[in-house]
Amino acid sequence: MKEFLKIKGFDIVTASDCVSGFTIASKIVPELIIMNKEFSNFNARGFLTKKRTSGNISFIPVFVIGDFSTDELVEFKKENVTAFLSSPIDPNALTERLYL
């Protein structure tokens with residue numbers, strides 16, 4: 001996915017876990033956050049809850065990658081997730097969501 005997005009002209013910054021991802025996002029204030037549902041240190045919901053209450057990144061759209069139950073979709077929507085992507089990621093589906 002990283003190489004695909006680079007080819008499409010996006011600047012990519014990655015993080016190895018939610019804690020560093022939150023720290024990086026707070027510093028650089030990206031246009032979009034793409035994250036795995038299961039992420040090291042604390043899960044995506046923990047990240048999203050913290051993001052929602054953080055002024056400088058609370059407005060940034062988030063795409064979450066993973067397999068989701070109906071209940072999980074409802075919970076993630078409450079956290080203002082912008083899009084859900086199945087794993088493995090279909091580049092065409094990603095492109096569609098990026099340009100909506």
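Visitor: In which parts of the chain is confidence lowest, and in which is it highest?

Guide: The quantity to read is pLDDT, the predictor's confidence in each residue on a scale from 0 to 100. In this chain the mean is lowest, at 83, in helix 5 (residues 91–98), and highest, at 92, in strand 2 (residues 62–65). The chain as a whole averages a pLDDT of 86, and 95% of the residues score at least 70. This is a predicted model, in which local features need pLDDT of at least 70 and side-chain atom pairs count only at pLDDT 80 or more, while totals for chains, interfaces and linings use all residues. Residues are numbered from 1 along each chain as its sequence is written, and side-chain values use heavy atoms, with hydrogens and water left out. Helices (H or I, at least four residues) and strands (E, at least two) are DSSP runs numbered from the N terminus.

Visitor: Which strands pair with strand 2, and in what sense?

Guide: Two strands pair if DSSP finds at least two bridges between them. Strand 1 (residues 33–36) pairs with strand 2 in the parallel sense over four bridges, with M35 standing opposite V64 and N36 opposite I65. Strand 2 is also joined to strand 3 (residues 83–85) by three bridges, and these two run parallel; here F63 stands opposite A83. The link between strand 2 and strand 3 includes helix 4 (residues 70–78), and the three elements make a right-handed β-α-β unit, where right-handed means that, with the strands pointing away from the viewer, the path from the first strand over the helix to the second runs clockwise.

Visitor: Which way do the side chains of strand 1 and strand 2 point, and which of them are buried?

Guide: In a regular strand the side chains alternate between the two faces of the sheet. Burial is read from relative accessible area (buried under 20%, exposed over 50%, partly exposed in between, with a 1.4 Å probe and protein chains only). In strand 2, V62 and V64 point one way and F63 and I65 the other, and all of these are buried. Strand 1 alternates too, but there I33 and M35 point to one face and are buried, whereas I34 and N36 point to the other and are not. Helix 2 contributes F22, which is buried because its relative accessible area is 10%; F22 and V62 are 40 residues apart in sequence and 12 Å apart in space, C-alpha to C-alpha.

Visitor: How many aromatic pairs does the structure hold?

Guide: Rings of Phe, Tyr and Trp (its six-membered ring) pair if their centres lie within 6.5 Å, and planes under 30 degrees apart count as stacked, over 60 as edge-to-face and the rest as tilted. The structure holds four such pairs. In one of them, the rings of F68 and F76 have centres 5.6 Å apart and planes at 85°, so the pair is edge-to-face. F76 and F84 are likewise an edge-to-face pair, at 6.3 Å centre to centre with 70° between the planes. Ring pairs thus link F68, F76 and F84 into a cluster, in which F76 is buried because its relative accessibility is 2%, and F84 is buried because its value is 19%.

Visitor: Which charged ends sit over the rings of F68 and F76?

Guide: A charge sits over a ring if NZ of Lys or CZ of Arg is within 6 Å of the ring centre and within 35 degrees of the ring normal. The charged end of K37 sits over the ring of F68, 5.4 Å from its centre, and that of R45 sits over the ring of F76, 5.3 Å from its centre.

Visitor: Which residues other than glycine have a positive phi, and where is a peptide bond cis?

Guide: Most residues other than glycine have a negative phi, and most peptide bonds are trans. V29, in the loop between helix 2 (18–28) and strand 1, has a positive phi near 45°, and V29 is partly exposed because its relative accessible area is 34%. N80, in the loop between helix 4 and strand 3, has a positive phi of about 65° and counts as exposed because its relative accessibility is 53%. The peptide bond from S87 to P88 is cis, with omega near 0°, and P88 is found in the loop between strand 3 and helix 5.

Visitor: What does the side chain of T95 reach?

Guide: A polar contact is a pair of N or O atoms within 3.5 Å; within protein, one must be able to donate a hydrogen and the other to accept it, and residues adjacent in sequence count only if both atoms are side-chain atoms. T95 lies in helix 5, and its side chain reaches the backbone oxygen of P91 at 2.9 Å. T95 counts as buried because its relative accessibility is 18%.
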